[in-house]
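Biologist: I'm new to reading protein models. Please take me through this one, a question at a time.

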Amino acid sequence: MTPGNNGASTPEDDDPFGYLYADGQANGAQPPSGGYGYPNSVNRVRAVGTRPYGQQQSQAAPYGQVPQQQGGYNRPNAHYAAPETLPGGAQTAQHQMPAGGGGGRGGRGPNTKGLLIGAIAVVAAVVIGIGVAMLGGDKDKNDASDKVGTNPTQSEESKPSPSPSKAGESKVDLPAIDAKALRLGGGATLAQDVKGAQADGGIYVGNLNQVGSSVTWTVNSVPKAGAYTVFARYSTVDEDQKMTLTVNGKPFGNKLNLGNFTHTSDGDFAKGWTKTYAWPTLNKGTNTITLSCEDGDKCNVLLDQLWLKAGQVKD
């Protein structure tokens with residue numbers, strides 16, 4: 001092919017699809033006799049857009065006019081006939097959808113009943129598992145609680161006995177003594193002219209208001225070592241008194257407080273009977289307790305009785 005000479009062939013012959021373009025049609029391009037440009041094709045080539053997908057081909061309408069519409073949804077197509085309606089057509093069997101069919105428009109929707117049963121089964125399994133775990137945990141706790149307290153800890157052993165034990169100890173008959181059974185020292189003497197003493201015969205110890213005067217109590221049968229309370233019943237008037245208390249040869253505390261708790265001010269010792277106490281630590285067995293008038297003490301008292309109680313109590 002040389003410039004200016006197109007040869008024997010025309011562009012539409014060179015391009016089998018030239019008839020699809022505007023310039024090809026202007027040059028007289030025509031569709032080939034075969035379908036889609038291939039020989040022996042059973043269908044003829046149609047212009048683009050003249051055959052809707054899935055519908056029978058309709059006659060192309062001229063430009064600017066609406067082409068003939070095919071049958072709408074669920075409407076019969078006027079250009080279509082079922083094979084079984086044609087002469088010699090195959091007989092087809094009609095298949096009816098099951099009543100409980102799936103998700104078509106005429107169906108009942110998804111099988112929610114089965115999903116619900118499955119969900120309930122999962123929840124039941126979880127609840128059962130939690131219950132079993134809780135039962136196992138309670139059993140472990142019960143086993144642990146059964147072992148608590150079988151062997152007390154060191155801290156528990158070092159603590160003082162609880163109040164029930166103290167109450168039990170207080171029931172033990174601890175020693176007590178009247179004035180006439182005390183060992184007297186210095187100028188101390190027995191007397192009974194002042195009323196109100198509770199010792200046998202109303203006897204008490206007097207004349208303690210002198211330096212060197214004393215009373216000593218030898219305490220036997222102390223059940224065990226530990227803290228005790230020593231009580232003293234006495235009488236005093238006017239101002240408070242104080243004397244030296246010695247336990248097992250050692251001074252105990254500062255002084256034994258012998259206060260005028262009855263607030264007697266007329267010198268009448270019969271109205272001044274009261275009591276006081278101290279909390280010494282005693283040994284098991286025998287102990288000595290001495291009340292004496294030393295330098296600087298105030299000893300204007302009458303002594304009636306002495307007795308012990310276990311522990312540190314006030315009454």
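Biologist: Which residues does Leu 303 touch, not counting those up to four places away in sequence?

Modeller: This is a predicted model, where local features need pLDDT of at least 70 and side-chain atom pairs count only at pLDDT 80 or more, while totals for chains, interfaces and linings use all residues. Residues are numbered from 1 along each chain as its sequence is written, and side-chain values use heavy atoms, with hydrogens and water left out. Touching, or contact, means heavy atoms within 4.5 Å. With residues up to four places away left out, Leu 303 touches Ala 179, Leu 182, Tyr 204, Val 205, Leu 208, Val 215, Ala 232, Arg 233, Tyr 234 and Leu 291.

Biologist: Which residues have the most contacts inside the largest nonpolar core?

Modeller: A nonpolar core is a set of buried Ala, Val, Leu, Ile, Met, Phe, Trp, Tyr and Cys residues joined through side-chain atoms within 4.5 Å. Buried means under 20% relative accessible area, exposed over 50%, and partly exposed in between (1.4 Å probe, protein chains only). In soluble globular proteins, nonpolar side chains tend to be buried together. Here the largest core has 31 residues, and those with the most contacts inside it are Leu 208, Trp 217, Met 243, Leu 303 and Leu 308.

Biologist: Which elements give two or more residues to this core?

Modeller: Helices (H or I, at least four residues) and strands (E, at least two) are DSSP runs, numbered from the N terminus. By that numbering, the elements giving two or more residues are strand 5 (214-222), strand 6 (226-235), strand 7, strand 9 (256-258), strand 12 (285-292) and strand 13 (302-310).

Biologist: And which residues does the second core include?

Modeller: This core is separate and has seven residues. Among them are Val 194, Ala 197, Phe 269 and Trp 273.

Biologist: Let's look at a polar residue. Is Gln 241 buried or exposed?

Modeller: Gln 241 is found in strand 7 (residues 241-247). Its contacts beyond four places in sequence include Leu 256, Cys 299 and Val 301. Because its relative accessibility is 5%, Gln 241 counts as buried.

Biologist: How far is the side chain of Gln 241 from the backbone nitrogen of Asn 300?

Modeller: Asn 300 is one of the residues that Gln 241 touches. From a polar atom of the Gln 241 side chain to the backbone nitrogen of Asn 300, the distance is 3.0 Å.

Biologist: Now the aromatic rings. Are the rings of Phe 231 and Tyr 277 stacked, edge-to-face or tilted?

Modeller: Rings of Phe, Tyr and Trp (its six-membered ring) pair if their centres lie within 6.5 Å; planes under 30 degrees apart count as stacked, over 60 as edge-to-face and the rest as tilted. The structure holds four aromatic pairs. For Phe 231 and Tyr 277, the centres are 6.0 Å apart and the planes stand at 55°, so the pair is tilted.

Biologist: How many residues apart are those two in the chain?

Modeller: Phe 231 belongs to strand 6 and Tyr 277 to strand 10 (residues 273-278). Phe 231 is buried at 1% relative accessibility, whereas Tyr 277 is partly exposed at 32%. The pair links distant parts of the chain, 46 residues apart.

Biologist: What distance in sequence does the salt bridge of Arg 233 and Asp 304 span?

Modeller: A salt bridge is a side-chain nitrogen of Lys or Arg within 4 Å of a carboxyl oxygen of Asp or Glu, and the count comes to six. Arg 233 and Asp 304 meet at 2.7 Å, N to O, and both are buried. Since Arg 233 lies in strand 6 and Asp 304 in strand 13, the pair ties together parts 71 residues apart.

Biologist: Which residue forms a salt bridge with Asp 315?

Modeller: Asp 315 lies in the segment after strand 13, and its partner is in strand 10. Asp 315 is exposed, at 60% relative accessible area, whereas the partner is partly exposed at 35%. At 2.8 Å, N to O, that partner is Lys 275.

Biologist: One last backbone puzzle: what is the phi of His 263?

Modeller: Most residues other than glycine have a negative phi. His 263, in the loop between strand 9 and strand 10, is exposed at 66%. Although it is not a glycine, His 263 has a positive phi of about 55°.

Methods: A polar contact is a pair of N or O atoms within 3.5 Å; within protein, one must be able to donate a hydrogen and the other to accept it, and residues adjacent in sequence count only if both atoms are side-chain atoms.
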